[in-house]
Amino acid sequence: MCEGVFSDKPGACPKCGMALEPMVAAESSADDQTELKDMTRRFWIGLALTLPVVVLSMIGAGGWAQFVLSTPVVLWAGGPFFERGVRSVLTGRLNMFTLIALGTGTAYGYSVAATVCPTLFPDSFRKNGTVEVYFEAAATITVLVLLGQVLELRARAATGSALKALLGLAPKTARLIGEGGVESDVPLEQVKAGDRLRVRPGEKVPVDGVVIAGHSAVDESMITGEAVPVAKGEGSAVTGGTINGTGSLTMKAERVGRETVLARIVQMVGTAQRSRAPIQRIADTVSGYFVPVVLGCAVATLVLWAWLGPDPRYAYALINAVAVLIVACPCALGLATPMAIMVGVGRGAQLGILIRNAEALERLEKIDTLAIDKTGTLTEGRPVLTEVVPVSGASGEEMLRLAASVEAVSEHPLAAAMVAAAALRKIELKPVEGFSSITGQGVRGHVEGREVTVGQAQLAGEVPAELTEKAKALREEGQTVFFVGIDGTVAGLLAVTDPIKPTTPDAIAALHRLGLKVVMLTGDHAETARKVADRLGIDRVEAGLRPEGKSQVVAKLQAEGLHVAMAGDGVNDAPALAAAEVGIAMGTGTDVAMESAGITLVKGDLGGLVRAVELSRATMRTIRQNLGFAFMYNGVGIPIAAGALYPFCGLLLSPMLASAAMALSSVSVVGNSLRLRGASKL
């Protein structure tokens, strides 16, 4: 997880010595299990050789036998630790393996010397006339560190389970419809954009595309988290990896390979899991000083025990210094943040919350104000035309024909309602010349030589009193009013309503329970916006905004000392998404919005936002617990290992117990992080 470290093959990080993570997740875990298998083999062989060494040590016999049995344990089974320890010294990047190599190497080297040349040692090393050996300590430390590595590697493999589950959703083959309608199964890699594919009942949709024939219901829960199947027919978009129901569908492939939604999700999640949260700086800063401080503590322990300790004081000095080196291994500190981030981001992917990087996840926890776009975020984003009100003596159908012709060129979400209404009435639309969009006001174009405007009153011209009253009444009902101008004269108005999403009221209530203030940003008229806000219990409304106005409101809220997240789905929301501390895009919105956001809600409703806030808070709470545990463990463990309790109760921490505690500290941090996978609140 160290920044800026990349390799073209598995191995150890040159900075921290820990195993490198694969950049691209593999569906089969076999691809990233090499180190786990190697460490497991070393552990079991080391354990088999260490048990008789411990027995011989307990009965005080077999110095040479202990030497023979422990040598392969320390030098072969523990070989990777020495390699990483030596590399850390050569590169000047001291890490946990520096301490492990020093500790086990010192205990083993001293024991070898005591076995081979016992006469060289003075009386201060002797107990009852003999120089004690610590082969069992060196071997046991090695085996316990190996056990910790095995447990840690297994747990780390589990953090990628969400990603592997996503990868496993893609089918291996697709049913290709070839020339003359001949169908054949082909590997998924051979499918190209434009190919016609058959999706039979119960099969997975192979790639992203659009239905060109057939009707069915498709289970999209793996993307949206919504258990209810979605009806699909001609023209409906389908996503690779989703499961077809009882009907047969013919589809045209549009996005294949790495361009599919599923592949992009996997890529985004993988990148986010490798990113670093700002809180990681605490661990980084501490780690930079940690190993030198521990080495200083070990030297101080050695000197003080050799000077003040009881006989055999040199033996006590050596063994307590080794215990300090072992107990202080900072592996728990190094794992505290990245493990929680990996699990949290993976959990988010399962919930339909795509997190671009760890910084967005951390920032979301601090958010106290949520600015939300109305159209497509609070509402369905599929508006319908409800009223056609021409001025006295004018034709409503003619006005709609001209207005819909101009709006057919527009990308505004509400424009689709006018076009759809014209199609429903079988009104033929005409070509538009000189189309232009006036930001925040409306659109203008020439149809059959007549200038047509659709939008705010100031764009259309002077509004008759009869229309002003009607517009006010419609806005009070929560409808959006567009004035239609023809050749500089107001011809009437069109009213459009965009239904509120069924999930929005509950989501707003849940956000309030989480302590968030909700602000609605919209380009809509103030009366219409206030009606919607009152219905939903929204705290504050900013209406009549242009795109740059939304980002200005975000800046204004931040100037008030608030921590602001922005949720939106359109191109016009992109500036505000970028300006907010956290941008949250609806997955049903535009690519521009998603590119500007730190978090994307795949399903596109605010229920996902509630889960995202809860996930952020749970992840950051877990990181703080992990860091607190790591700091507390070292703060308590180092003094005890140095012998701080010996003057009071005669208690010393043996190197074997120190190594067991060190291994358990790492496993505890990993286990605490893994709890995020099943957090019931989420």
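A charge sits over a ring if NZ of Lys or CZ of Arg is within 6 Å of the ring centre and within 35 degrees of the ring normal. By that rule, the charged end of R313 sits over the ring of Y314, 5.5 Å from its centre, and the charged end of R42 does so over W76 at 5.0 Å from the ring centre.

This is a predicted model, where local features need pLDDT of at least 70, side-chain atom pairs count only at pLDDT 80 or more, and totals for chains, interfaces and linings use all residues. Residues are numbered from 1 along each chain as its sequence is written, and side-chain values use heavy atoms, leaving out hydrogens and water.

On to the rings. Searching the whole structure turns up seven aromatic pairs (rings of Phe, Tyr and Trp, the last by its six-membered ring, with centres within 6.5 Å; planes under 30 degrees apart are stacked, over 60 edge-to-face, the rest tilted). Here are two of them:

| Pair | Centre distance | Plane angle | Type |
|---|---|---|---|
| F67 and F135 | 6.0 Å | 55° | tilted |
| Y108 and F135 | 6.0 Å | 65° | edge-to-face |

F67 is in helix α2 (residues 63-77) and F135 in helix α5 (residues 135-159), 68 residues apart. Y108 belongs to helix α4 (residues 96-116), so its pair with F135 ties together parts 27 residues apart in sequence. Helices here are DSSP runs (H or I, at least four residues), numbered from the N terminus.

What about burial (buried is under 20% relative accessible area, exposed over 50%, partly exposed in between, with a 1.4 Å probe and protein chains only)? F135 is buried at 0%, Y108 is buried too, and F67 is partly exposed at 23%. Together with W64, the residues F67, Y108 and F135 make up one aromatic cluster.

Notes. Helix = DSSP H or I, 4+ residues; strand = E, 2+ residues; numbered from the N terminus.
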